[in-house]
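This briefing is meant to be read beside the sequence and the coordinates. It goes from the whole chain to single residues.

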Amino acid sequence: MKATDQIKRAALNKAIDYLLENPERNVAKIMDMIDKVAPDDVFPTQRAAFHQAIDDESNWYQLIMKILTDMNPQVRDRLIKTFIVDANMLAWPKQEAMRDQYHCNIPWAILLDPTSACNLRCTGCWAAEYGHKQNLTYEEIDSIINQGVKLGTHVYIYTGGEPLVRKHDLINLCEAHPDCAFLSFTNATLIDEEFVQDMIRVANFVPAISVEGFEEATDARRGEGTYAKVSRAMELLRENGLPFGVSCCYTSANASSIASEEFFDWLIEKGALFAWVFTYMPVGVGSPTSLMVHADQREHLYRFIREMREKKPLFTLDFQNDGEFVGGCIAGGRRYLHINAAGDVEPCVFAHYANVNIRETSLLDALRSPLFMQYYEGQPFNDNLLKPCPILENEGLLADMVKRAGAHSTDLQEKESAEDLCAKCHDSIAEWTPVAERIWNDEGDPLYDKRKNDLTQGMADTDMRKLAEQGRRELPESLMTKRERREHRKQRESTANIA
């Protein structure tokens, strides 16, 4: 770490220590201290939102105070420092520098499958089709993390399979990389007292528990008795003051259960701090298209999530409908990538295609491989950011990219062509497109002004420079060099004189 980064790290950690001495008294001051230390271009929108939440003492303020006052102190101090300082405030500028240097996507987070093994067989989950034969070794995962840290990536998210089949290795990796934050999607059935104590000891591991709504919906897709085990795991985590959240697969069958205030209140009562909602995709040969959500269900989710954000102390992300806050698709390494249990480096957890395997190439070379460069050059895939995905909203786009890149199917059980996957989405795209256009262009929508006037739409500085170089979007003056700003103003004056 550079000397200047060490100084910033020490200053930021000191500010957090000050906050944690008395959260209620110091929370307003802490943001001012962070603003003084952090560069202006590091998460300015998010920092402004925190300021506003604190000033208004809103539901977001309630969530912040819940984290600061209810979390186990043995975990809280180290986890907050690791996540805020190492994994974000210091990591983001380095990621941006790497994007500038290598002219490719550099991820904020890396998702990887420690194993294809799982003790459940959930309908509509690709992992259920993978079998139990594939694993990344401890050494391979350790190497991926080491390579990622050199690029500025300090967030690692385990998928599967069921990652906690390898829970002892995962805990050892947490110990080996204390400057990284680890999150694991899990069915929670393997969370027990021993593992809870391991989580307290390492203090940089957070579970995201898969839930499908209430008991009927959960057990229908995941097996009888699963709901009771999930509930018990949540109680165990809450009793020990450990942070956790949930992930929800939103389908046509459980739409009314997931998008209900009763369900969100239950999550908050259980102690969940965040909820990530993923729209079902028919990934894998034989995956039923009947579980794909209808346009009216998706629009309801769009409006419901935004309502809950105004009311509930729960950090909620809708990965399909929230594309407008992050500049569209975040896959292909733009903000994350996926490495499966066989080592294939895939652009997305839902796009099982690749050119390279991590056992045969470096992480950086994987990010510069043909399929990843297709993502880099094409993002965002649609100017309407309610249609961000090359699978679920843009007809045949994934298949086109896979063909141009010469990529192959990486499905561990039965190969599925990108054309076949995209074909399954045809009817859903046709149904959603007019709804997305209506919402995007609705002058009465609270986000209408942002959609029409904000050039960045949640994109990073490097995203904007890339788009300007491609001629797809004007570069904001705030990102121009002095020379570029002078030339831009001269051109604008010349155009005005001609007019």
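The points below cover the overall fold, the charges and salt bridges, one buried proline, and unusual backbone geometry.

The model is predicted. The chain contains 22 helices and eleven strands. Its radius of gyration is 22 Å, close to the 23 Å that the globule rule gives for 499 residues, so the chain is as compact as a globular protein of that length.

**Overall dimensions and packing**

- The C-alpha trace spans about 75 × 55 × 50 Å along the principal axes of the chain.
- Of the 499 residues, 60% count as buried.
- Contacts between residues at least 6 apart in sequence were sorted by separation, and 71% of them join residues at least 24 apart.
- The exposed area of the chain is about 21300 Å², of which carbon and sulfur atoms supply 51%.

**Charges**

- The chain carries 56 positive and 77 negative charges.
- The mean positions of these two sets of charges are 6 Å apart.
- There are 30 salt bridges in the structure.

**Salt bridges within a helix**

- R232 pairs with E235 in a salt bridge whose closest N and O atoms are 3.7 Å apart.
- Both R232 and E235 belong to helix α11 (residues 226-239), where they are three residues apart, about one turn of the helix.
- R232 is partly exposed at 39% relative accessible area, and E235 is partly exposed at 25%.
- K311 and E307 form a salt bridge through their side chains, with an N to O distance of 3.4 Å.
- This pair, K311 and E307, lies in helix α14 (residues 295-311), with the two residues four apart, about one turn of the helix.
- K311 is partly exposed, with a relative accessibility of 38%, and E307 is partly exposed, with a relative accessible area of 39%.

**A salt bridge between parts distant in sequence**

- D463 and R335 form a salt bridge, and their closest N and O atoms are 2.7 Å apart.
- D463 is in helix α21 (residues 461-470) and R335 is in the loop between β7 (315-318) and β8 (336-339), so the pair ties together parts that are 128 residues apart in sequence.
- D463 is buried, at 6% relative accessible area, and R335 is buried as well, at 12%.
- Elsewhere, R306, R309, D322, E324, D445 and R451 are joined into one network by salt bridges that share partners.

**A buried proline in a loop**

- P476 sits in the loop between α21 and α22 (482-498).
- The relative accessible area of P476 is 13%, under the 20% cut-off, so this loop residue counts as buried.
- Leaving aside residues up to four places away in sequence, P476 touches L455, T456 and M464.
- Between P476 and E162 the C-alpha to C-alpha distance is 44 Å, and the two residues are 314 apart in sequence.

**Backbone geometry: cis peptide bonds and positive phi**

- Most residues other than glycine have a negative phi, and most peptide bonds are trans.
- The peptide bond from G160 to G161 is cis, and its omega is near 15°.
- G161 belongs to the loop between β2 (155-158) and α8 (167-176).
- Q379 and P380 are also joined by a cis peptide bond, with omega about -10°.
- P380 is placed in the loop between α16 (370-378) and α17 (397-405).
- H103 is not a glycine, yet its phi is positive, at about 55°.
- The loop between α6 (91-102) and β1 (109-112) holds H103, which is partly exposed with a relative accessible area of 47%.
- A188, also a residue other than glycine, has a positive phi near 75°.
- The position of A188 is in the loop between β3 (181-186) and α9 (193-202), and the residue is buried, with a relative accessible area of 1%.

Note on methods. Residues are numbered from 1 along each chain as its sequence is written. This is a predicted model: local features need pLDDT of at least 70, side-chain atom pairs count only at pLDDT 80 or more; totals for chains, interfaces and linings use all residues. Side-chain values use heavy atoms; hydrogens and water are left out. The radius of gyration is taken over C-alpha atoms; the globule rule is 2.2 Å times the number of residues to the power 0.38. Buried means under 20% relative accessible area, exposed over 50%, partly exposed in between (1.4 Å probe, protein chains only). Contact means heavy atoms within 4.5 Å. Accessible areas come from the Shrake-Rupley method with a 1.4 Å probe; for residues, only the protein chains shown count as cover. Lys and Arg count as positive and Asp and Glu as negative; His and the chain ends are not counted. The place of a charge is taken as NZ of Lys, CZ of Arg, CG of Asp or CD of Glu. A salt bridge is a side-chain nitrogen of Lys or Arg within 4 Å of a carboxyl oxygen of Asp or Glu.
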